[in-house]
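Good morning, colleagues. I would ask you to look at the structure on the screen while I take you through its main features.

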Amino acid sequence: MPQRLEIAPDCLWWPGYLDRPAQEALLADVRAVLEAAPLFAPAMPRSGKPLSVKMSNCGPLGWVADVSGYRYQAFHPDTRQPWPAIPARLLALWDALTGFPAPPEACLINWYGPEARMGLHQDRDEQDLTAPVLSLSLGDTALFRIGGENRSESTHSVRLASGDAVLLSGRSRLAFHGVDRILPGSSTLLGAAGRINLTLRRVTPSATV
Ligand SMILES: O=C(O)CCC(=O)C(=O)O
Ligand SMILES: [Mn+2]
């Protein structure tokens, strides 16, 4: 069994959870999604300033960012087509690593070029904050920073490599986190510098039984 570490309270990290063949299979799934739903350029609300990552999604809902705000919507902002389905392999990873009784509704695909980063933020556009967020990394290693629920709390960073899984759950569900930078050339998986991060999210409240 891969090792599991707790990098902040209830923030779990499985370094190397996916071996190379599993990473290649997942990458093929992601590339198929991107053929149908090409990367788009998200922008900051109000200012319209572009984010440094490019994005796409799969699932019934997808996360988008533009001048009018951050939100989940059922269609691609450029093609206006519904997002492709979440690949079965990702649904199986969600079941295996979260044990959450309802499936994810959105899988955000972040593409980091060599210069891209992501500022410290909380994932809080979901209505169901009891469900965890599952992150999977492919390609170049990222310096991932995590703190607490308040921006002022101290943070620390870990290096997320290709095949690593991270779960933001429980006391870390609303923890501030971000990517300081990626380390170009640290992985051969993509055949070029860059990193793909997938985050699986539950968006609407799950039925209580
Ligand atoms: O790229 C990562 O590891 C984190 C991505 C993230 O925090 C997000 O998409 O909200
Ligand atoms: Mn996030």
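I shall begin with the chain as a whole, then turn to one helix, the metal site and two polar side chains.

Please keep in mind throughout that this is a predicted model. The chain is built from two helices and 13 strands. Along the principal axes, its C-alpha atoms occupy a box of roughly 45 × 40 × 35 Å. For 209 residues, a compact globule would be expected to have a radius of gyration near 17 Å, and the 16 Å of this chain therefore agrees with that description. Of the 209 residues, 53% are buried. As for the contacts with a separation of 6 or more, 73% of them come from residues 24 or more positions apart.

Let us turn to helix H1. This helix runs over residues 20–36, which makes 17 residues. From first C-alpha to last it reaches 25 Å, close to the 24 Å expected at 1.5 Å a residue. At the start of H1, the backbone nitrogen of Ala22 has a side-chain oxygen of Asp19 within 2.9 Å.

Which residues of H1 are buried? They are Gln23, Leu26, Leu27, Asp29, Val30 and Val33. These residues lie on the same side of H1, because the arc they cover around the axis is only 160°. On the other side of the helix, Pro21, Glu35 and Ala36 are exposed. And what do the buried residues of H1 pack against? Their partners are helix H2 (88–98) together with four strands, namely S3 (54–58), S6 (106–112), S8 (133–139) and S13 (195–201).

I come now to the metal site. The manganese ion, ligand 2, has three protein donors: His121 through NE2, Asp123 through OD and His177 through NE2. These donors lie 2.1 to 2.2 Å from the ion. Along the chain, their spacing reads H-x1-D-x53-H. The two histidines link distant parts of the chain, 56 residues apart: His121 belongs to strand S7 (residues 118–121), and His177 to strand S12 (residues 177–182). Is His177 buried or exposed? Its relative accessibility is 6%, so His177 counts as buried, the cut-off being under 20%.

Next, a polar side chain in a strand. Gln73 is located in strand S5, residues 69–73. With a relative accessible area of 10%, Gln73 is buried. Its side chain makes a polar contact of 3.1 Å with the side chain of Arg71, and it also reaches the backbone oxygen of Phe75 at 2.8 Å. Beyond neighbours within four places in sequence, Gln73 is in contact with Pro60, Leu61, Gly62, Val64 and Trp83.

My last residue is Arg202, found in the segment after S13. Arg202 has a relative accessibility of 9% and therefore counts as buried. Where do the polar atoms of its side chain find backbone oxygens? One lies 2.5 Å from the backbone oxygen of Pro103, and the backbone oxygen of Thr204 is 3.5 Å from a polar atom of the Arg202 side chain. Once neighbours within four places in sequence are set aside, the contacts of Arg202 include Trp94, Phe100 and Ala102. Pro103 is also among them, as are Glu105, Glu126, Asp128 and Ala131.

That concludes my presentation, and I thank you for your attention.

How values were computed:
Residues are numbered from 1 along each chain as its sequence is written. Chains are lettered from A and ligands numbered from 1 in the order in which they are written. This is a predicted model: local features need pLDDT of at least 70, side-chain atom pairs count only at pLDDT 80 or more; totals for chains, interfaces and linings use all residues. Side-chain values use heavy atoms; hydrogens and water are left out. The expected span of a helix is 1.5 Å times one less than its number of residues. Buried means under 20% relative accessible area, exposed over 50%, partly exposed in between (1.4 Å probe, protein chains only). The arc is that of the directions from the helix axis to the C-beta atoms. Contact means heavy atoms within 4.5 Å. A polar contact is a pair of N or O atoms within 3.5 Å; within protein, one must be able to donate a hydrogen and the other to accept it, and residues adjacent in sequence count only if both atoms are side-chain atoms. Donors are N, O and S atoms within 2.8 Å of the metal (3.2 Å for Na, K and Ca); water is not among the atoms, so sites may look incomplete. The radius of gyration is taken over C-alpha atoms; the globule rule is 2.2 Å times the number of residues to the power 0.38.
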